[in-house]
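Here is a friendly walk through one protein model, with a stop at its rings, its sulfur link and its core. Have the viewer open and follow along.

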Amino acid sequence: QVQLVESGGGLVQAGGSLRLSCAASGRTFSMYAMGWFRQAPGKEREFVAAISWSGDSTYYADSVKGRFTISRDNAKNTVYLQMNSLKPEDTAVYYCAAGATTHSPYDYWGQGTQVTVSS
């Protein structure tokens, strides 16, 4: 069982930056691939980024590639999403999730953190 708590969301102007954190409980955090997803009002939840359990492999949606960076610190049971050059279309609730692999269904989800980018 893994419990996930996101933080770091907020209101930022276009072009600005935010860093989201996702703290995980449980001693098995390092066994899980981690992902970030987002859901904007009226839209489906979409994949943003994922990182393997070791941190050696990362994956990004085309819409965020080059602007967002996912990383993890297994000693701190935390995964991060550094978001730069933010755009109004990045406005959404951001969720972190844990799964067996970066491409498998994710089994555990956080409650989400709101990111709002003003133009």
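## Where the loops and strands begin

Strands here are DSSP runs of E at least two residues long, and they are numbered from the N terminus. With that naming, Trp-53 can be placed in the loop between β5 (46–51) and β6 (58–60). Please keep in mind that this is a predicted model.

## Trp-53 and its surroundings

Is Trp-53 buried or exposed? Its relative accessibility is 52%, so Trp-53 counts as exposed, because the exposed class begins over 50%. Even so, Trp-53 has partners from elsewhere in the sequence: leaving out residues up to four places away, Trp-53 touches Ser-30, Met-31, Tyr-32, Ala-33, Arg-72 and Asn-74.

Another residue to look at from here is Thr-101. The C-alpha atoms of Trp-53 and Thr-101 are 7.7 Å apart in space, while the two residues are 48 residues apart in sequence.

## Aromatic pairs

How many aromatic pairs does a search of the whole structure find? The search finds 5 aromatic pairs. One of them joins Tyr-32 and Tyr-108, with 5.8 Å centre to centre and 85° between the planes, an edge-to-face arrangement. This pair links distant parts of the chain: Tyr-32 sits in the loop between β3 (18–24) and β4 (33–39), and Tyr-108 belongs to strand β10 (residues 106–109), 76 residues apart. Tyr-32 has a relative accessibility of 15%, so Tyr-32 counts as buried.

Tyr-106 and Trp-109 also make an edge-to-face pair, because their planes meet at 65° and their ring centres are 6.3 Å apart. The partners differ in burial class: Tyr-106 is buried at 12% relative accessibility, whereas Trp-109, at 30%, is partly exposed. Both rings belong to a cluster that ring pairs build from Phe-37, Phe-47, Tyr-106 and Trp-109.

## Charges over rings

Trp-109 has a charged visitor as well: Arg-45 lies over the face of its ring, 3.8 Å from the ring centre. Which ring lies under the charged end of Arg-72? That ring is Phe-29, and the distance to its centre is 4.6 Å. Arg-72 is also among the residues that Trp-53 touches.

## Asn-77, a buried loop residue

Asn-77 is in the loop between β7 (68–73) and β8 (78–83). With a relative accessible area of 19%, Asn-77 is buried, because that class covers values under 20%. Beyond its neighbours within four places in sequence, Asn-77 is in contact with Cys-22, Ala-23, Ala-24, Gly-26 and Phe-29. Cys-22 leads on to the next stop.

## The disulfide

A disulfide is a covalent bond between the sulfur atoms of two cysteines. The structure holds 1 disulfide, which joins Cys-22 to Cys-96 with an S to S distance of 1.9 Å. The link is right-handed, with 45° about the S-S bond. Since Cys-22 is in strand β3 and Cys-96 in strand β9 (residues 92–99), the pair ties together parts that are 74 residues apart in sequence. Both Cys-22 and Cys-96 are buried.

## The nonpolar core

The largest nonpolar core has 30 residues. Which residues have the most contacts inside this core? They are Leu-4, Met-34, Trp-36, Leu-81, Met-83 and Tyr-94. The elements giving two or more residues to the core are β3, β4, β5, β7, β8, β9 and β11 (113–118).

How values were computed
Residues are numbered from 1 along each chain as its sequence is written. This is a predicted model: local features need pLDDT of at least 70, side-chain atom pairs count only at pLDDT 80 or more; totals for chains, interfaces and linings use all residues. Side-chain values use heavy atoms; hydrogens and water are left out. Rings of Phe, Tyr and Trp (its six-membered ring) pair if their centres lie within 6.5 Å; planes under 30 degrees apart count as stacked, over 60 as edge-to-face and the rest as tilted. Helices (H or I, at least four residues) and strands (E, at least two) are DSSP runs, numbered from the N terminus. Buried means under 20% relative accessible area, exposed over 50%, partly exposed in between (1.4 Å probe, protein chains only). A charge sits over a ring if NZ of Lys or CZ of Arg is within 6 Å of the ring centre and within 35 degrees of the ring normal. Contact means heavy atoms within 4.5 Å. A disulfide is a pair of cysteine sulfur atoms within 2.5 Å. A nonpolar core is a set of buried Ala, Val, Leu, Ile, Met, Phe, Trp, Tyr and Cys residues joined through side-chain atoms within 4.5 Å.
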